[in-house]
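Me: I would like to go through this model residue by residue, with the reasoning behind each answer laid out.

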Amino acid sequence: MTEIGKMILEDGIAKGMEKGMEKGRKEGKAQLLLKLLTKRFNKVPNEYKNKIMELSDETIEIIGLEIFYMKDVKEIEKYF
């Protein structure tokens with residue numbers, strides 16, 4: 001393999017690893033939020049769980065901060 005080929009391969013591997021780690025962090029935040037919601041409200045509807053897994057990092061963080069002010073799990077609907 002040529003030097004250019006090696007550099008391209010290494011760059012591709014690095015970018016793939018970075019995307020994988022980013023996805024893992026996002027999933028971890030979503031899972032933590034689901035645990036917090038379950039602890040706070042005892043039950044989270046499955047449809048909410050699926051929607052939470054699709055939310056952006058920023059939205060997940062906002063919900064995580066707002067959870068202290070929520071009186072009902074249905075209040076997270078406004079973030080969907």
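**Charges, patches and a helix face**

Reply: Lys-6 counts as partly exposed, because its relative accessibility is 37%. Please keep in mind throughout that this is a predicted model.

Me: With which residue does Lys-6 form a salt bridge, and how far apart are the closest N and O atoms?
Reply: The partner lies in helix 1 along with Lys-6, and because the two are 3 residues apart there, about one helical turn separates them. That partner is exposed, with a relative accessible area of 55%. The residue is Glu-3, and its closest approach to Lys-6, N to O, is 4.0 Å.

Me: Which residue meets the side chain of Asp-11 in a salt bridge, and at what N to O distance?
Reply: Asp-11 is partly exposed, since its relative accessibility is 39%, and its partner sits 4 residues away in helix 1, which means about one helical turn. An α-helix has 3.6 residues a turn, so residues three or four places apart point the same way. The partner is Lys-15, and the N to O distance is 3.4 Å.

Me: Is Lys-15 buried or exposed?
Reply: The cut-off for exposed is over 50% relative accessible area. Because Lys-15 has a relative accessible area of 52%, the answer is exposed.

Me: How many residues apart are Asp-57 and Lys-29, whose side chains meet in a salt bridge?
Reply: The side chains of Asp-57 and Lys-29 meet at 4.0 Å, N to O. This pair links distant parts of the chain, with Asp-57 in helix 3 and Lys-29 in helix 1, and the separation is 28 residues.

Me: Which residue is linked with Lys-29 and Asp-57 in a network of salt bridges?
Reply: Two members of the network are partly exposed, Asp-57 at 23% relative accessibility and Lys-29 with a relative accessible area of 30%. A search of the whole structure finds 4 salt bridges. The residue that joins Asp-57 and Lys-29 in the network is Glu-61.

Me: Why are the buried residues of helix 3 placed on the same side?
Reply: The buried residues of this helix are Thr-59, Ile-60, Ile-63 and Gly-64. They lie on the same side of helix 3 because the arc they cover around the axis is only 140°.

Me: Which residues are exposed on the other side of helix 3?
Reply: Helix 3 has its buried set in Thr-59, Ile-60, Ile-63 and Gly-64. On the other side of helix 3, the exposed residues are Glu-58 and Leu-65.

Me: How much accessible area do Met-1, Leu-9, Ile-13 and Met-17 have together?
Reply: Met-1 belongs to the segment before helix 1 (3–41), and it counts as exposed because its relative accessibility is 70%. Together with Leu-9, Ile-13 and Met-17, Met-1 forms a nonpolar patch on the surface, and the accessible area is about 460 Å².

Me: Which residues form the negative surface patch?
Reply: One of its members, Glu-75, lies in the segment after helix 3 (57–66). A patch residue needs over 30% relative accessible area, and Glu-75 is partly exposed because its relative accessibility is 31%. The patch is formed by Glu-47, Asp-72, Glu-75 and Glu-77.

Me: What distance separates the C-alpha atoms of Gly-28 and Asn-50?
Reply: Gly-28 is placed in helix 1, and it counts as partly exposed because its relative accessibility is 38%. Along the chain, Gly-28 and Asn-50 are 22 residues apart, and their C-alpha atoms are separated by 14 Å.

How values were computed
Residues numbered from 1 in each chain as written. Predicted model: local features only at pLDDT ≥ 70, side-chain atom pairs only at ≥ 80, totals over all residues. Heavy atoms only, no water. Patch = residues over 30% accessible without salt bridge, like charges linked within 9 Å, V, L, I, M, F, W, Y side chains within 5 Å. Areas by Shrake-Rupley, 256 points an atom, 1.4 Å probe, with all protein chains shown as cover. Lys, Arg positive; Asp, Glu negative; His and termini not counted. Charge placed at Lys NZ, Arg CZ, Asp CG, Glu CD. Buried < 20%, exposed > 50% of the residue type's maximum accessible area, 1.4 Å probe, protein only. Arc of directions from axis to C-beta.
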